[in-house]
Amino acid sequence: MFDIFSLKQWVKKHFALRDILIILALLVTYLATRLINLDNFPIFTDEGIYIHWSKVAWKDAAWRFISLTDGKQPLHTWGMIPFLKIFHSNLLLGGRMFSVLAGLVALKGIMLLSYYLFGKKASFFAGLFYIFTPMFMFYDRMALADSAVNAGFIWVLFGSILLVRFLRLDIALMYGITAGVALLTKSSSQLFLGLGALAPILTLHTKNKDHKKSLLNYYVLYFFAALIALVIYNVQRLSPYLHYVAEKNATFVMTLHEFKQAPFSLVFNNLPIIPFYVFSEMGYMLAIFGIIGLIWLYRKDQRLALYFTLWILISYGGIAFMAKVIFPRYLIFFASLLTVCATYLFSERKNERFINGLTALFLISVLYFDFTIMLAPARIPFPPVDRGQYIESFNAGWGIKDMIQYARQQSVVKPVILIGEGNFGVVSDMLDASLAMEDHITVKGYWPLNKADLMANQSELKDHFVYVVFSHREDFTTTADWPMVFIKKYPKPGGTSNYYLYQMVESATTAFGNDHFTQ
């Protein structure tokens with residue numbers, strides 16, 4: 001039976017005023033590091049897609065499962081809708097606010113997990129590490145699903161530990177609901193639920209004479225929880241597009257048939273990049289502390305250390321052998337597990353000067369990374385694959401905000417149409433996601449964008465300003481007879497990609513003589 005007064009007494013018994021102040025300080029620090037300049041980082045192409053989906057799902061209930069048309073589970077789309085309603089004049093900010101909330105759920109989870117396993121001191125270190133680890137900070141500030149995936153991972157892991165230790169039906173119920181919500185976030189959550197089957201390792205070689213009975217009871221409860229999770233997952237069958245999930249997964253992960261044909265075709269490339277991505281985006285030091293902490297944990301609790309090790313090794317091996325495409329954000333859950341292991345190292349050491357030194361070393365290792373994430377995004381020291389995605393390539397939306405502001409100013413005179421080079425993601429969805437709901441601006445995407453597309457929109461010039469945004473084209477020598485004039489070039493860090501803004505005119509004759517390359 002729930003009793004608020006008993007809860008109050010428990011808090012008073014276990015947490016002093018100093019502890020509560022530390023928790024409040026961690027909360028304020030988390031919010032500051034996630035909210036400062038939240039919409040300053042240029043929109044990423046996937047963010048544009050997801051925010052566009054959320055706008056459609058918000059306005060048309062028939063399309064609540066729109067993300068399934070691209071094989072993506074719908075929870076992230078649904079979760080952003082309330083924030084888009086609140087921040088309707090800044091949809092990018094609204095989309096990213098959902099990730100801030102998901103990160104807060106992850107922060108709470110990793111602190112509670114560390115408290116349950118290792119004590120109060122470990123919980124505070126877990127909060128500190130989570131807040132300042134660049135990998136968590138970055139994805140908590142992006143309108144991507146990965147922050148929510150990480151939160152799901154932490155709570156599914158925590159739930160499996162609680163279930164095997166207490167063998168209670170109410171825990172199984174909550175575990176199943178948590179896993180079901182995680183399954184609606186991303187397909188990788190299936191791995192987390194599956195690894196929960198290993199939890200009886202935590203009770204091996206106990207003195208309990210009824211170990212076999214406990215083992216049976218666990219798996220009864222575990223399969224009950226898995227059934228609940230699958231029921232929640234199957235709400236997607238309300239849409240006719242669920243089959244696209246399997247098709248999408250096949251583009252990222254080998255099918256069993258493909259694996260049988262060439263079982264070692266991917267592993268030698270994947271084995272080194274997985275730890276490189278995780279360690280580099282964690283700032284290296286915390287990941288090293290996590291490995292050391294896991295080794296130390298073997299001395300005190302071999303079963304828990306073995307359970308963590310199996311989660312790491314099975315995930316590592318499965319991804320290395322099966323993953324066709326790996327980006328660092330797909331590996332964020334490794335960072336969470338290493339963070340939990342690091343908290344054990346810090347909580348067990350009694351030498352305060354030594355712990356303070358390690359803490360300072362961690363903070364120094366992430367200081368520049370964190371600074372650039374919040375204040376200097378062009379200089380974020382990502383590994384090359386992520387600098388390409390988020391900062392230097394056509395996927396990075398440098399200049400989008402400026403174009404929208406320019407179009408917004410022009411729309412005071414008459415409505416504006418923005419023609420984007422790209423009709424899925426890329427620039428058209430990034431432009432659409434950057435609009436305010438009250439803007440008199442329409443976005444049209446074309447791929448490939450050619451002269452005929454512009455000519456088809458010339459009739460709009462009577463009542464609209466029409467602008468063209470090029471995201472892929474760099475050679476404009478073949479566009480001299482297109483009816484448009486150059487407005488501005490938007491260069492990106494690295495100098496490998498640019499956006500170009502043009503204005504459509506009545507005819508190519510009107511545009512003749514304009515220098516398309518003048519900035």
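Helices here are DSSP runs of at least four residues, numbered from the N terminus. Keep that in mind for the names I use. One more thing before we start: this is a predicted model.

Let's begin with the second largest pocket. Its volume is about 1,000 Å³. Which helix gives the most to its lining? That is H5, with 8 residues. H5 covers residues 91–118. Other helices contribute too. H1 (4–14), H2 (17–35), H6 (120–132), H8 and H9 (169–183) each supply at least two lining residues.

In total, 28 residues line this second pocket. Closest to its centre are Lys108, Leu112, Trp155, Phe158 and Leu162. By class, the lining has 22 nonpolar residues, 3 polar and 3 charged.

Now the largest pocket. Its space comes to about 1,300 Å³. The lining takes in 50 residues. Look for Lys186, Asn249, Phe252, Val253 and Tyr330, which are the closest to the centre. Seven names come next, so follow along on the structure. H3 (45–59), H4 (75–86), H8 (146–166), H10 (189–195), H12 (243–252), H16 (302–322) and H17 (332–348) are the elements that each give two or more residues to this lining. Here the classes divide into 27 nonpolar, 16 polar and 7 charged. Note that H8 appears in the lining of the largest pocket and also in that of the second largest.

Next, two helices from that list, H3 and H4. How do they pack? Their axes are 8 Å apart, at an angle of about 75°. Angles of 65 to 115 degrees count as roughly perpendicular, so H3 is roughly perpendicular to H4. On the H3 side, the contact is made by Tyr50, Ile51, Trp53, Ser54, Lys55, Ala57 and Trp58. H4 answers with His76, Thr77, Met80, Ile81, Leu84 and Lys85. By class, that contact has 8 nonpolar residues, 3 polar and 2 charged.

Last stop: Phe138. Find it in helix H7, residues 134–139. Is Phe138 buried or exposed? Its relative accessible area is 2%. The cut-off for buried is under 20%, so Phe138 counts as buried.

What does Phe138 touch, leaving out residues up to four places away in sequence? The list is Phe41, Ile373, Ile380, Phe382 and Tyr390. Also look at Met374. Along the chain, Phe138 and Met374 are 236 residues apart. Their C-alpha atoms are separated by 8.7 Å.

That's the tour. Happy to go back to any of these places on the screen.

Methods: Residues numbered from 1 in each chain as written. Predicted model: local features only at pLDDT ≥ 70, side-chain atom pairs only at ≥ 80, totals over all residues. Heavy atoms only, no water. 1 Å grid on protein atoms, 1.4 Å probe; cavity = no way out; pocket = protein on both sides within 12 Å on 5 of 7 lines; lining within 4 Å. Points joined across faces, edges and corners; volume = space filled by probe spheres on them. Nonpolar A, V, L, I, M, F, W, Y, C, P; charged D, E, K, R; others polar. Buried < 20%, exposed > 50% of the residue type's maximum accessible area, 1.4 Å probe, protein only. Contact = heavy atoms within 4.5 Å. Axes fitted to C-alpha atoms, helices over the stretch in contact; angles between N-to-C directions. Parallel < 35°, antiparallel > 145°, perpendicular 65-115°, else oblique.
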